Amino acid sequence: MQDDSARDRILAAVRAIPRGQVAGYGEVARRAGLPGRARLVARVLAANDDAALPWHRVVRADGRIALPPGSAGWREQSRRLVAEGVQVDQGRVRMPRAGGPGRLDALLWGPDGD
DNA sequence: GCGCTGACGCGAT
DNA sequence: CATCGCGCCAGCG
């Protein structure tokens, strides 16, 4: 039951990320109704073939790109994020808001007030 | 059926 | 702030 359904929910959660914003794997999983399945999200993104899927908006909880630094996917993701206006430095996304104290539940950042 | 690996997360050092 | 280690889930040899 959590085969195609879960995958579809994850994809939907990823597509729900507004342009210019990024979300963590764990956050996406939680939004998909699959708390703790962050790795499943990664697996789904790795297997997804939808070019329209904004997979590049999904990063690690610390704001770092999950893909191996230097790899094609890594460069592609960072390039896409920058193209959308997201500040990326050395493969890590700048956190303009969630950097504050006790703001770990957000895990959703944006270039402006969202 | 077992153990390793990985596009993860979080607390501890 | 950078690393390390442990826990969790799913795919593969």
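What percentage of the 114 residues in chain A is buried? Buried residues make up 37% of them. The legends below refer to a predicted model.

**Figure 1. Overall view of chain A, with four helices and five strands.** Read from the N terminus, the elements follow the order α-β-α-α-β-α-β-β-β. The area that chain A exposes is about 7100 Å², and 48% of this area is supplied by carbon and sulfur atoms. Of the contacts between residues at least 6 apart in sequence, 60% join residues that lie at least 24 apart.

**Figure 2. Close-up of the largest pocket, with a volume of about 220 Å³.** The lining consists of Tyr 25, Ala 42, Leu 45, Ala 46, Asn 48, Trp 55, Val 58, Ala 66, Leu 67 and Gln 77. Helix α3, which spans residues 38-47, gives the largest share of this lining, with three residues. Sorted by class, eight of the lining residues are nonpolar and two are polar, while no charged residues take part.

**Figure 3. Close-up of Asn 48, one of the residues that line the largest pocket.** Asn 48 sits in the loop that runs between α3 and β2, the latter being residues 58-59. Two backbone atoms are reached by the side chain of Asn 48. One is the backbone oxygen of Leu 45, at 2.9 Å; Leu 45 is also part of the pocket lining. The other is the backbone nitrogen of Asp 50, at 2.8 Å. When neighbours within four places in sequence are set aside, Asn 48 has contacts with Leu 11 and Leu 53.

**Figure 4. Close-up of Arg 94, in the loop between β4 and β5.** The strands on either side of this loop are β4, at residues 92-93, and β5, at residues 108-109. Is Arg 94 buried, partly exposed or exposed? Arg 94 counts as partly exposed because its relative accessibility is 48%, and this class lies between the limits of 20% for buried and 50% for exposed. Apart from neighbours within four places in sequence, the residues in contact with Arg 94 are Gln 87 and Asp 89.

**Figure 5. Close-up of Arg 94 and Asp 62, which are 32 residues apart along the chain.** The separation between the C-alpha atoms of these two residues is 9.6 Å. Arg 94 belongs to the loop between β4 and β5.

Notes. Residues numbered from 1 in each chain as written. Chains lettered and ligands numbered in written order. Predicted model: local features only at pLDDT ≥ 70, side-chain atom pairs only at ≥ 80, totals over all residues. Heavy atoms only, no water. Helix = DSSP H or I, 4+ residues; strand = E, 2+ residues; numbered from the N terminus. Buried < 20%, exposed > 50% of the residue type's maximum accessible area, 1.4 Å probe, protein only. Contact = heavy atoms within 4.5 Å. Areas by Shrake-Rupley, 256 points an atom, 1.4 Å probe, with all protein chains shown as cover. 1 Å grid on protein atoms, 1.4 Å probe; cavity = no way out; pocket = protein on both sides within 12 Å on 5 of 7 lines; lining within 4 Å. Points joined across faces, edges and corners; volume = space filled by probe spheres on them. Nonpolar A, V, L, I, M, F, W, Y, C, P; charged D, E, K, R; others polar. Polar contact = N/O pair within 3.5 Å; in protein donor to acceptor, adjacent residues only side chain to side chain.
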